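Got a minute to go over how some helix packing labels come about? Have a look at the model first.

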Amino acid sequence: MRPPPIPDAVRIVEVSPRDGLQNIPHQIPTSTKVELISRLSRTGVHSIELTSIVSPRAVPQLADCRGLLRSDAVRHLQRRRAVDGKDEAKGGSDGADADANTDTDAGVLRLPVLVPNVKGLEIALAHGVDEVAVFVSATEGFSRANINCSVEEGLERAVEVARIARKKGVAVRGYISSIFTDPITNSPTPFSSVHKCTTTLLAAGVYEVSLGDTTGTGTPSLVRSLLTYLTTHEVPVPVPKLGGHFHDSHGRGLENVWEAYLCGVRVYDSSVAGLGGCPFAPGAKGNVATEEVVGMFEGRGVRTGVDARVLGEVARWVKREVSEGGESDVEREEKEREKGRGLGYGQANLDTNGALSRPSRSPVRSRIPTSWTACGFVRPVVYD
């Protein structure tokens, strides 16, 4: 007997207000961030990651997280979500995680906030947040550089946050960073580590796990290999519980999104105008652009529920708003080139078979941006 067909529709998780803006060095006004969220709420995206509750010293751009959550526009969206969610849940299930996917499919806008620890969770709850996200790294090097602990310790923290959040009736989503390459050591990530992180988070009640290609070194073959490993090895991971967070650092972001779709993944993180991510050199891309992801899916007959015209207007607007001094991307990149800042990536290369290998030329010193992962933050590091 043939298995039932997989639904064509995909869900889009918009991460620009947090992951997209956190790397920008000049301060973006809170009013601009709130306006971005308001405009995104009219595009039809299924989820908007509002901000992260982090130390202002660690991520200055997100120092206004409390003010943003207190804004009238964000509170209005939260109240509207609460009402819509109750309407959809009538006669349905109980528990925050039980309807975590159904209300999204029904068109209820999700508004998660990334929290690194229990203290961050408490602040989020005090501001009316009804969904949070936790994050871990699948590699020891990046875990210690990013959140100052081992992978095991990071998992323990995330599990504790998830436990408390679910007791409070709050839904929890999970992020796993560095699924293919450790940014600190340049070494390939063992699939077994990604599997352990995924199963641990799901066992803790996380309703969905977003797999983050932090360095953008993934290829379609690696995407398929990892997803095959996760869904067949030891305790199988159900595909409906997985999401994809791909970076376009090496120009393969959309290819990897499509390959994950062919493997059954139906949830994707993206950032309008391609904001944020992990740009290693001038002109290198980070997060896949939401408008490009939507355009690819809709062009291939896959429904996203997103209004491409409205989304395009938001992309054009936010590019102008976040450009310091009114500079265009091209002008800013030209200035960076004039400064002679890194022309290489300082990362492991991929051979034609998708295997990781060191570049044959001399090492290129690359500055890691202040924060370049969907799953946390790292101070600037320079390495060979």
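Q: Before any angle gets quoted, what are the axes and angles here?
A: Axes are lines fitted to C-alpha atoms, for helices over the stretch in contact, and angles run from 0 to 180 degrees between N-to-C directions. Keep in mind that this is a predicted model.

Q: Why is α11 called oblique to α12?
A: Helix α11 (residues 253-262) packs on helix α12 (residues 290-299) at about 45°, and their axes sit 11 Å apart. Angles under 35 degrees count as roughly parallel and 65 to 115 as roughly perpendicular. An angle of about 45° fits neither class, so α11 is oblique to α12. As for handedness, α11 and α12 make a right-handed crossing.

Q: How do you know which residues of α11 and α12 meet?
A: The cut-off is heavy atoms within 4.5 Å. On the α11 side you get L254, V257, W258 and Y261, and they meet E292, V293, M296 and F297 of α12. By class, that contact has 7 nonpolar residues, no polar ones and 1 charged.

Q: What makes α9 oblique to α10?
A: Helix α9 (residues 191-203) and helix α10 (residues 220-232) pack at about 50°, with axes 10 Å apart. Roughly parallel needs under 35 degrees and roughly perpendicular 65 to 115, so α9 ends up oblique to α10. The α9 and α10 crossing is right-handed.

Q: Which residues make the contact of α9 with α10, and how do they split by class?
A: From α9 come F191, S192, V194, H195 and T198, while α10 brings L222, S225, L226, Y229 and L230. The split is 6 nonpolar, 4 polar and no charged residues.

Terms used:
Residues are numbered from 1 along each chain as its sequence is written. This is a predicted model: local features need pLDDT of at least 70, side-chain atom pairs count only at pLDDT 80 or more; totals for chains, interfaces and linings use all residues. Side-chain values use heavy atoms; hydrogens and water are left out. Helices (H or I, at least four residues) and strands (E, at least two) are DSSP runs, numbered from the N terminus. Angles under 35 degrees count as roughly parallel, over 145 as roughly antiparallel, 65 to 115 as roughly perpendicular and the rest as oblique. A crossing is left-handed if the near helix is turned anticlockwise from the far one by less than a right angle, and right-handed if clockwise. Ala, Val, Leu, Ile, Met, Phe, Trp, Tyr, Cys and Pro count as nonpolar, Asp, Glu, Lys and Arg as charged, and the others, Gly among them, as polar.
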